[in-house]
Amino acid sequence: MNTPNQFHRISRLPPYVFEQVNKLKAEARARGEDIIDFGMGNPDMPTPKHIVDKLIETARDPRANRYSASRGIKGLRRAMAAYYQRRFGVTLDPDTEVMITSGATEALAGAMLALIEPGDEVVLFQPLYDAYLPLVLRAGGVPKLVRLKPPDWRFDEEMLSRAFSPRTKVVLFNNPLNPTATVYGEDQLSLLAHFCMAHNSIVVCDEVWEHVVFDGRRHVSMFAVPGMRSRTVKIGSAGKIFSLTGWKVGFVCAAPEILRVLAKAHQYITFTTPPNLQTAVTYGLGKDDSYFEGMRRDLARSRDRFTKGLKQIGFPVLESQGTYFVSVDLAPLGLNIDDESFCKRLVAEHKVAAIPVSAFYAEDPVKSVVRFCFAKKDATLDGALERLAGALARSA
Ligand code: PMP
């Protein structure tokens, strides 16, 4: 009988970012305490009714519950290509350059398995979305980390020079960046593109937050950066477009020769994604621009409400340019407490769960930043602010 220790590649992985806070949350809930959860990116707003109705209607059709084409139903691939054309000016052939996956996570896993050979170097930016490092390591990649820090989380030529080498096969880049809520524009993308081209690397761009950018910003896809079309794998998620995070419908776009390889990996991971969900997402993508703008406006309003409250309490707030997240930096407060201890205290004493950003670093973490998810109803935001007011007084 094998013991768990024999499965060492997986069992040696560092603990999941949310594990500790989730444990504290579960313990508090078991004691009957009510915790306001600002940890995971889980919106508590009403779900988009028309899209859910479409799912219910579609699920009654037996064909919508059988395996669909491995790359995804044609209607969704077409709708996705049309949507990207309309919103980001990216032209895609739905037959050869678009594939539907079971969430962005499957797309990421497939890309790592398909593109990395053992010993290949992979450039990553930390703080890292939690799935990246385990996937790169499991695929046999050698991570080369670029360390970003507050307040602006930018990278420069020197940082990239240290990470890139002639062995750099893949770059895994997240824009807008979770957890920092940074939206990278043309200047940073061009710098990274220059390094990718000079080192003949493929960039896997996790752009799941591309629809959630604020203050008139425009998401620039790496796909649209001159010279990058043939070496970019663009990953998206319907969960983030429609705030239906549990649906797990993802998109991968790449030049036909790369997509062919990714499609092979997908074939042996999930093969396909529930067609009823795909049909409902197709319907959603057909909504006119005002629908998507309305969602962004509502999220920006929640961000502003929560940010204002945090500032009134006295938290130094880092700018949230996109995503569902806003972070505070404890460093200027001189509290003598790190982000992890602060989050543990928040959940234990103030009944608010948040995430210490140090958990998103693989090495040399920035230990002063705490991330909150603001994609919540006003009452939830206000209730949390009331509780958080006590947290600073207690730590001072
Ligand atoms: N990448 C990033 C940066 C994310 O924030 C998330 C979800 N939080 C994902 C990927 C996963 O997306 P999905 O739920 O579609 O798998």
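## Around Val204

Start with Val204. Skipping its neighbours within four places in sequence, Val204 is in contact (heavy atoms within 4.5 Å) with Leu108, Ala111, Met112, Leu115, Val170, Val171, Leu172, Phe173, Val233 and Ile235. Keep in mind that this is a predicted model, where local features need pLDDT of at least 70, side-chain atom pairs count only at pLDDT 80 or more, and totals for chains, interfaces and linings use all residues. Residues are numbered from 1 along each chain as its sequence is written, and side-chain values use heavy atoms, with hydrogens and water left out.

## The cores

Val204 is also one of the residues with the most contacts inside the largest nonpolar core, along with Leu115, Val233, Leu262, Phe306 and Phe372. That core has 64 residues. A nonpolar core here is a set of buried Ala, Val, Leu, Ile, Met, Phe, Trp, Tyr and Cys residues joined through side-chain atoms within 4.5 Å. Buried means under 20% relative accessible area, exposed means over 50%, and partly exposed is in between (1.4 Å probe, protein chains only).

Which helix gives the most to this core? Helix 5 (residues 103–115) does, with seven residues. Domain 1 (4–47 + 290–395) and domain 2 (49–286) both contribute residues, so the core lies between them. Apart from this core there is another one, of 31 residues, including Leu191, Leu192, Met222 and Leu318.

## Two domains

The chain is divided into domain 1 and domain 2, with bounds that come from an automatic or database domain assignment. Taken over C-alpha atoms, the two centres are 25 Å apart. Where the domains meet, 38 residues of domain 1 are in contact with 45 residues of domain 2.

## Helix 5 and helix 12

Helices (H or I, at least four residues) and strands (E, at least two) are DSSP runs, numbered from the N terminus. Helix 5 is mostly covered, with eleven of its 13 residues buried. Among them are Gly103, Glu106, Leu108, Met112 and Leu115. Its end C-alpha atoms are 18 Å apart, and that agrees with the 18 Å that 13 residues should span at 1.5 Å a residue. The expected span is 1.5 Å times one less than the number of residues.

Helix 12 (residues 289–313) passes the check too: its 25 residues should span 36 Å, and its end C-alpha atoms are 36 Å apart. Its buried residues include Phe292, Met295, Arg296, Leu299, Arg303, Phe306 and Leu310. As background, an α-helix has 3.6 residues a turn, so residues three or four places apart point the same way. Asp298 sits in helix 12 as well, but is partly exposed, with a relative accessible area of 44%. The C-alpha atoms of Asp298 and Ala375 are 9.0 Å apart, although 77 residues separate the two along the chain. After helix 12 comes Gly314, whose phi is positive, near 115°.

## Aromatic pairs

Rings of Phe, Tyr and Trp (its six-membered ring) pair if their centres lie within 6.5 Å; planes under 30 degrees apart count as stacked, over 60 as edge-to-face and the rest as tilted. By this rule there are 21 aromatic pairs. One of them is Phe173 with Tyr184, a tilted pair at 5.5 Å centre to centre and 45° between the planes. Phe173 lies in strand 5 (residues 168–174) and Tyr184 in the loop between strand 5 and helix 8 (186–198), so the pair ties together parts that are eleven residues apart in sequence. Both rings belong to buried residues.

Trp209 and Phe325 make an edge-to-face pair, 5.6 Å centre to centre with 70° between the planes. This pair links distant parts of the chain, 116 residues apart: Trp209 is in the loop between strand 6 (202–206) and strand 7 (232–237), while Phe325 is in strand 9 (residues 325–329). Trp209 and Phe325 are both buried. Elsewhere, Tyr83, Tyr84, Phe88, Phe242, Tyr291 and Phe292 form one aromatic cluster.

## Cysteines

How many disulfides does the structure hold? Zero, where a disulfide would be a pair of cysteine sulfur atoms within 2.5 Å. Why does Cys343 have no bond to Cys373? The sulfur of Cys373 is the closest cysteine sulfur to that of Cys343, but at 14 Å it is too far for a bond. Cys343 is buried, with a relative accessible area of 1%, and Cys373 is buried too, at 0%.
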